[in-house]
Amino acid sequence: MGISDVQYDSPGRDDRSNWSLNKEWVDVTNTSRRAVNLDGWTLSDEAGHTYTFRHFRLDGRATVRVHTGEGRDRYGDVYQDRRNYVWNNDRDTATLRNDHGRFIDEASWGYRDRDHRGGGHRH
């Protein structure tokens, strides 16, 4: 289980439109064969903006995309329902924790001499 990809810089102008907000996302991938109940798991940035998964089960070998803006949650996409960007374009860290607050994975970008744990990719 971990962060497999990050699109922290929404393409085009950062005009805070819902379209633009939803082009900022983090992918969380279940690398095991067994489904994982993500209820209560969190995804947060360095500033403390936190998204909490609610009533979400991720199948084995599946990925869910966590969008910043508003939308209707469905199997492969969930929405934070925010009206502002979360992930800083210059540098930030996305951190995934389980329902007990235990560290699972992180992805960082924009840091030259920092240990990059996790599977996040720069785009």
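Select Thr52 to begin: at 23% relative accessibility this residue counts as partly exposed, because its value falls between the 20% under which a residue is buried and the 50% over which a residue is exposed. The model on your screen is a predicted one, and each stop on this tour should be read with that in mind.

**Thr52 and strand 5**

With Thr52 still selected, colour strand 5, which covers residues 50-52 and holds this threonine. If you then display the residues in contact with Thr52, leaving aside its neighbours within four places in sequence, you will find Gly40, Trp41 and Thr42. Add Asn37 to the selection and draw a C-alpha to C-alpha distance from Thr52: the two are 15 residues apart in sequence and 12 Å apart in space.

**The whole chain**

Zoom out now and switch to a cartoon view, in which the protein chain shows 1 helix and 10 strands. Traced from the N terminus, these elements run β-α-β-β-β-β-β-β-β-β-β. The radius of gyration of the chain is 14 Å, close to the 14 Å that the globule rule gives for 123 residues, so the chain is as compact as a globular protein of that length. Along its principal axes, the C-alpha trace spans about 40 × 35 × 25 Å.

Turn on the surface next, which has an accessible area of about 7,100 Å², with 40% of it belonging to carbon and sulfur atoms. Beneath it, buried residues make up 42% of the 123 residues in the chain. Among contacts between residues at least 6 apart in sequence, 50% join residues at least 24 apart. If you colour by charge, you will be looking at 20 positive and 21 negative charges, whose mean positions lie 3 Å apart.

**Thr95 and strand 9**

Move on to Thr95, which lies in strand 9, residues 92-97. Is Thr95 buried or exposed? Its relative accessible area is 12%, and Thr95 is therefore buried, as the cut-off for that class is under 20%. Show its surroundings, not counting residues up to four places away in sequence, and you will see that Thr95 touches Ile3, Thr42, Leu43, Ser44, Phe103, Asp105 and Glu106. Thr42 will be familiar from the opening stop, where it was among the contacts of Thr52.

**Ser10 and the loop before helix 1**

Select Ser10 next, in the loop between strand 1 (2-7) and helix 1 (18-22). Although placed in a loop, Ser10 counts as buried, at 2% relative accessibility. Which residues is Ser10 in contact with, once its neighbours within four places in sequence are left aside? They are Ser20, Lys23, Glu24 and Tyr85. For Ser20, show the backbone as well, since its backbone oxygen lies 2.7 Å from a polar atom of the side chain of Ser10.

**Two arginines with positive phi**

Stay in the loop between strand 1 and helix 1 and select Arg16, which is also placed there. Arg16 has a positive phi of about 60 degrees although it is not a glycine. Most residues other than glycine have a negative phi.

For the last stop, go to Arg61, in the loop between strand 6 (57-58) and strand 7 (63-67). Arg61 likewise is not a glycine, and its phi is positive at about 55 degrees. With a relative accessible area of 56%, Arg61 is exposed, because the cut-off for that class is over 50%.

Note on methods: Residues numbered from 1 in each chain as written. Predicted model: local features only at pLDDT ≥ 70, side-chain atom pairs only at ≥ 80, totals over all residues. Heavy atoms only, no water. Helix = DSSP H or I, 4+ residues; strand = E, 2+ residues; numbered from the N terminus. Rg over C-alpha atoms; globule rule 2.2 N^0.38 Å. Buried < 20%, exposed > 50% of the residue type's maximum accessible area, 1.4 Å probe, protein only. Contact = heavy atoms within 4.5 Å. Areas by Shrake-Rupley, 256 points an atom, 1.4 Å probe, with all protein chains shown as cover. Lys, Arg positive; Asp, Glu negative; His and termini not counted. Charge placed at Lys NZ, Arg CZ, Asp CG, Glu CD. Polar contact = N/O pair within 3.5 Å; in protein donor to acceptor, adjacent residues only side chain to side chain.
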